[in-house]
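Work through the exercises below with the sequence and the model open. Each task is followed by a solution in steps.

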Amino acid sequence: MGQLCGRCMQLLQDFVAFVQRMSSSLVHGIKECLTLISKCSCLKQNSSKARQLYKPILQPHERVTAQEFLQLIETGFEMSPLGKDPLEALRTLAFSENPGLQQSAALYYLHMSQHMNVPLPVEHLEPFYALLRSADLEVQQMSSLSLVNFLLEGNIDKELVVQMGLLEPILDLLESEDPTVQCNSCACTMTLAVSESNQEAIGAARGVTPLLSLANSYDPRVQQNAVGAILNLTRSEKIQQVLCKEGALPVLALLLESPDSEVQYYSCAALSNVAANVQHHEAMLRPGNRFLLRTLISLLSSSVDKVSSQACVCLRNLATSADIQADMVAEDILPKLCSLLVSGSKDVRHASIALLWILSQHPHNQDALACAELLQSLGMLLSVHKRDPVIVGHAACIIKNLSLSKNRQRVIESPCVEGLLQTMLSTDTQEDSLHYVTSCLAELAKQEGATLRMVQWMNEPLTKCLVRLAGQREHTEPSFQAASIIQHMIGHEKMMLLLKRHIGEIQAYLKNFLTHQEIRFQQLGISAFCRLREDPEFSLAFRKSQMAKLLEQVRQQTEETQELLRAAICHEDS
């Protein structure tokens, strides 16, 4: 509930007396009174400036309406929507041809938009059409600003604004010559474009062209809001087509070099959305013209985290072919990405490691990526952010991709092996990242050099973790990979000493594997059994647990399966 201060209340009382004596000067009094009130700190209108007063001739019904509206104001501003009769009075003022009365209505809406904290009823939107269509500049400024405030505070439904026919006057104001009106109308459009249905409405109403024009405005407020509106429109694939036809791509590419980091971010995010559709890549990366690629890579060095992060996202969306990836690597992208991996921003770390993962998938890039700097960075990441599933999962995939190349020895000698092992102690069994970690370690363990490195770092907690993973049944892939890692380390003296502390758990998962429906589990179980029984303690434990009997059952089942297969093959041949 708003409350006028004593000074403003006295002004209103004096003004009412003045109206009663001099009705011919009604408009002058209204504007002077409301201007003085708007400057008072009680209504937070410090930014209002003195206006040139205008004395038009009032229609009789407008004079009565203005007097009634003044009486309403005199009783005190209530920060809630007007009732039926006062709303009619406000509507009369808004639809008047008299600019002074329209300004009174616009000022009322502006005040309400800054203080009201309840939804604005539908019937209060109708006067906005007349105010936005007003020929008076001050009315345009105040009404467009109040509409922005209502939208930003969530006091007006975005779809309803378009349904009520307000989109057309808002888009018309984009072509105003006044920067304040341009700024407000761009802000309205940007907010409305959050809605999917509104995006198509804006495109259908030809709102794209004026927005692209204002994206080159010299006024930073106008430019920010215009590019922000374009960003929201790029969330619609249909409007992406319109934007590309209207020449948005070169405009957005040039805006990446803007000195305004907000404009850089909006344009980069808009290009990321467009780049998510492969059909636009040819237009974005025309042969012989790598301006966009080079500019995006330069933005990786931006001091603004959200800009460098968004540049990573855009490059990741563009990196769909080996040729584009090769161009990125040729532009010396790797040192910049290594720097981003140690950023203090979580979003930047996630975006940069996701781009590295994409680049690591193609064999042609793997020699360049398997450098000491990157491998050191990945090992450090795994050590510091072992509980971050995004970091752990992507790092494991990158390491696995690099280990498939001729640079496997570099990977083995790096801190990556230790980092992967340590993450298992901190990663929840249900995390997808655990699957990537165990899969990577299992692939590395196929090489004796990597196995020796793993044994070097193995201890009781890690051994217990591997055995537990192998024995759990809910997630079959980590179970299989953990057992595979153990199987490769069997035979090393240090590992055998550690495994002997878990003979019971090992026997349990071997039994599960031998009776598993998948052949690969049975084969891994048999292989591990054969290697473990060479140790006297394991051999004794296996005899006591009748593992031989279980193996005999598997052998019989296998023979029966072989007989059936032979019969089927013979029947097919005949």
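**Exercise 1. The chain as a whole**

Among contacts in the chain between residues at least 6 apart in sequence, what percentage join residues at least 24 apart? Also state the secondary structure content, the buried share and the accessible surface.

Solution. The model is a predicted one.
Step 1. Of the contacts between residues at least 6 apart in sequence, 71% link residues at least 24 apart.
Step 2. The chain has 36 helices and zero strands.
Step 3. Of its 574 residues, 54% count as buried.
Step 4. The accessible surface is about 26,600 Å², and carbon and sulfur atoms account for 50% of that surface.

**Exercise 2. One residue in a helix**

Is Asn-149 buried or exposed? Find its helix and its contacts beyond the local sequence.

Solution.
Step 1. Asn-149 sits in helix α7, which covers residues 137–152.
Step 2. Its relative accessible area is 17%. The cut-off for buried is under 20%, so Asn-149 is buried.
Step 3. With neighbours within four places in sequence left aside, Asn-149 contacts Leu-110, Ser-113 and Gln-114.

**Exercise 3. The buried side of α11**

Which residues of helix α11 are buried, and what covers them?

Solution.
Step 1. α11 runs over residues 196–204, and its buried residues include Asn-198, Gln-199, Ile-202 and Gly-203.
Step 2. These residues span an arc of only 140 degrees around the axis, so they lie on the same side of α11.
Step 3. The general background is that an α-helix has 3.6 residues a turn, so residues three or four places apart point the same way.
Step 4. The cover over the buried residues of α11 includes α8 (158–163), α9 (167–173), α10 (179–192), α12 (208–214), α13 (220–233) and α14 (237–245).

**Exercise 4. Two loop residues with positive phi**

Describe the backbone and exposure of Arg-206 and Asp-332.

Solution.
Step 1. As background, most residues other than glycine have a negative phi.
Step 2. Arg-206, just after α11, has a positive phi of about 60 degrees. Its place is the loop between α11 and α12.
Step 3. Arg-206 has a relative accessible area of 70% and is therefore exposed.
Step 4. Asp-332 has a phi near 60 degrees, which is a positive value in a residue other than glycine. This residue is in the loop between α20 (322–330) and α21 (333–341).
Step 5. The relative accessible area of Asp-332 is 48%, so this residue is partly exposed.

**Exercise 5. Two helix pairs**

At what angle do α10 and α13 pack? Treat α22 and α25 likewise.

Solution.
Step 1. α10 and α13 pack at about 20 degrees, and their axes are 8 Å apart. Angles under 35 degrees count as roughly parallel, and α10 and α13 are therefore roughly parallel to each other.
Step 2. The crossing of α10 past α13 is left-handed. Among the residues making the contact are Cys-183, Cys-186 and Ala-187 of α10, with Val-222, Ala-226 and Ala-229 of α13.
Step 3. Helix α22 (residues 346–360) packs on helix α25 (residues 389–403) at an angle of about 25 degrees, with the axes 9 Å apart. α22 is therefore roughly parallel to α25.
Step 4. α22 also passes α25 in a left-handed crossing. The contact includes His-350, Ile-353 and Trp-357 of α22, and Ile-391, His-394 and Ile-398 of α25.

Terms used
Residues numbered from 1 in each chain as written. Predicted model: local features only at pLDDT ≥ 70, side-chain atom pairs only at ≥ 80, totals over all residues. Heavy atoms only, no water. Helix = DSSP H or I, 4+ residues; strand = E, 2+ residues; numbered from the N terminus. Buried < 20%, exposed > 50% of the residue type's maximum accessible area, 1.4 Å probe, protein only. Contact = heavy atoms within 4.5 Å. Areas by Shrake-Rupley, 256 points an atom, 1.4 Å probe, with all protein chains shown as cover. Arc of directions from axis to C-beta. Axes fitted to C-alpha atoms, helices over the stretch in contact; angles between N-to-C directions. Parallel < 35°, antiparallel > 145°, perpendicular 65-115°, else oblique. Left-handed = near helix turned anticlockwise from the far one by under 90°.
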